[in-house]
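Hi everyone, thanks for making time for this. I'd like to walk you through one protein chain, so have a look at the screen.

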Amino acid sequence: MFRELWDQFDNLEKHTQWGIDVLEKYIKFVKERTEIELSYAKQLRNLSKKYQPKKNSKEEEEYRYTSTRAFLATLNEMNDYAGQHEVISENMTSLITGELTRYVQELKQERKSHFHDGRKAQQHIETCWKQLEASKRRFERDCKEADRAQQYFEKMDADINVTKADVEKARQQAQLRHQMAEDSKAEYSSTLQKFNTEQHDHYYTHIPNIFQKIQEMEERRIVRIGESMKTFAEVDRQVIPIIGKCLDEITKAAESIDHKNDSQLVIEAFKSGFEPPGDIDFEDFTQPMKRTVSESSLSNSRGDGKSEPKFGGKSKGKLWPFIKKNKGAGPEDFSNLPPEQRRKKLQQKVDELNKDIQKEMDQRDALTKMKDVYIKNPQMGDAASVDHRLAELGQNIEKLRLEVQKFEGWLAEVEGRLPLRTDQARRQSGLYEAQNTAAVNSCAQDRESSPDGSYTEEQSQETEMKVPATEFDDEFDDEEPLPTIGTCKALYTFEGQNEGTISVAEGEMLYVIEEDKGDGWTRIRRNEDEEGYVPTSYVEVYLDKNAKDVYKSLQKISE
């Protein structure tokens, strides 16, 4: 008990001040911890934001893979993880630093009050002690004066030469001094008794009560700092389940990674739709070579697995004849892309247009309902005010539907050309090619000619056949003339408007100098100065077998 420290008032005062300093130090510690938590949460959020995919960028496309989606989920969970550290900071600030700061102020006031009472009691006992000392000194002085007066009286009484009056006077003076001494004695006795009572109350009542209050105050401080430490741990413990869920979600995202699915997505993303090159025919060098074959007509299909024509043996990486890779915006029908990639782009465009149509229809429906409300309740608005907007929406919907039809036509055409499509899909696309043994390319059997000999299929298909105008990588003038490997007959009139193509009339006979390599184009010659490409489906080809064998042999030698 602190009452045992009755004589350690100053040390007790120093100790309680030290206790307050410890509490303030702990508050400062928790405050710095909250700042660290906030800083950590901010850094985590910035880190998560830094690696988030940018909108409308190539990175967004990469997040279709399960591994990158798992990474995105990790970033989102790290954002939530950062949020829990913000919760820790907020709770520690409100439940610890805020509460303890108010408590310290109250504690200082209470301590000040207790030690003020203690000093007041100490001053009171000191005053009582001074009064006792004064009374004691006065009693001592009066006693000495009384002794001196008594001695003087006895001396006067013994002296025969002193008058009786003087003796009487000395006697009276001695009696007075004795009375004064008795009064001082009584006062001293009373003061002493009072002091002893005050001193007893001071050391056994007042000071113990004050010290008891100081002890209770100090114990409350100790308990409070202990509770704050528990709260410190509990604040952390409360977010552990949520942090655990974040970590569980990260683990779940990691387990959702499907390597097979990602591999399939890569295939779908980059698959061109071309068929792999077929077997190479045996080259029989014992057969006489009937004609000279130019090395510039060799096929490069074996080199890179793509069906591409070579111009002068220099063309590399071309997906289509005489088409350079488009660095700017491509054609509207995506004809510069390989079949599979083109199909995906067209399908994506169709889906986007359908969404736009649905959006416009929703707006039209909303305006129609508004107009009905205006008709029923004219005071709410003029029904004619929405007619203009409804007309605009109708026109927009019609335009979008026409666009959808156009892109669906191109899409049907592409799906008809792609391998592994059903015959029905091919017929619906308008490009179904029946296999005819009489000709190498007999898709023309499914087409019809109009009475005047012109091609009667939809204009959109002829547009598809036309390749966007681009530059040749090499000029024909730089090449040696290619040998003929057969002949062909034009089934339809073709206007070769693009560079590298040649115009033909229906029924015209021409020479074949390079056969179709799977891209839908055949290279023909009219005379020594006129040659170029025509759609394979526009001509019926008759190849010279021996010339074809020699042609393939020289292709291999050139490669």
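Before we go in, one term: two strands count as paired if DSSP finds at least two bridges between them. Also keep in mind that this is a predicted model.

With that in hand, let's go to strand E2, residues 509–514. How many bridges join E2 to E3? There are three, and the two strands run antiparallel, with E3 covering residues 521–525. One of the partnerships here is Tyr-511 with Arg-525 in E3. Between E2 and E3 the hairpin has six residues, and Gly-518 takes a positive phi near 105°.

Now the other neighbour. E2 also pairs with strand E1, residues 486–490, again in the antiparallel sense, over four bridges. Lys-489 has Met-509 in E2 as its bridge partner.

For the cysteine fans: is Cys-488 buried or exposed? Cys-488 counts as buried, because its relative accessibility is 0% and the cut-off for buried is under 20%. Cys-246 also falls under that cut-off, at 4% relative accessibility, so Cys-246 counts as buried. As for disulfides, the count comes to zero.

Let me zoom out. The protein has 11 helices and five strands. Of its 559 residues, 37% count as buried. The exposed area is about 34,500 Å², with carbon and sulfur atoms supplying 50% of it. And among contacts with a separation of 6 or more, 72% come from residues 24 or more positions apart.

That's my tour, and I'm happy to take questions.

Note on methods:
Residues numbered from 1 in each chain as written. Predicted model: local features only at pLDDT ≥ 70, side-chain atom pairs only at ≥ 80, totals over all residues. Heavy atoms only, no water. Buried < 20%, exposed > 50% of the residue type's maximum accessible area, 1.4 Å probe, protein only. Contact = heavy atoms within 4.5 Å. Areas by Shrake-Rupley, 256 points an atom, 1.4 Å probe, with all protein chains shown as cover. Disulfide = S-S within 2.5 Å.
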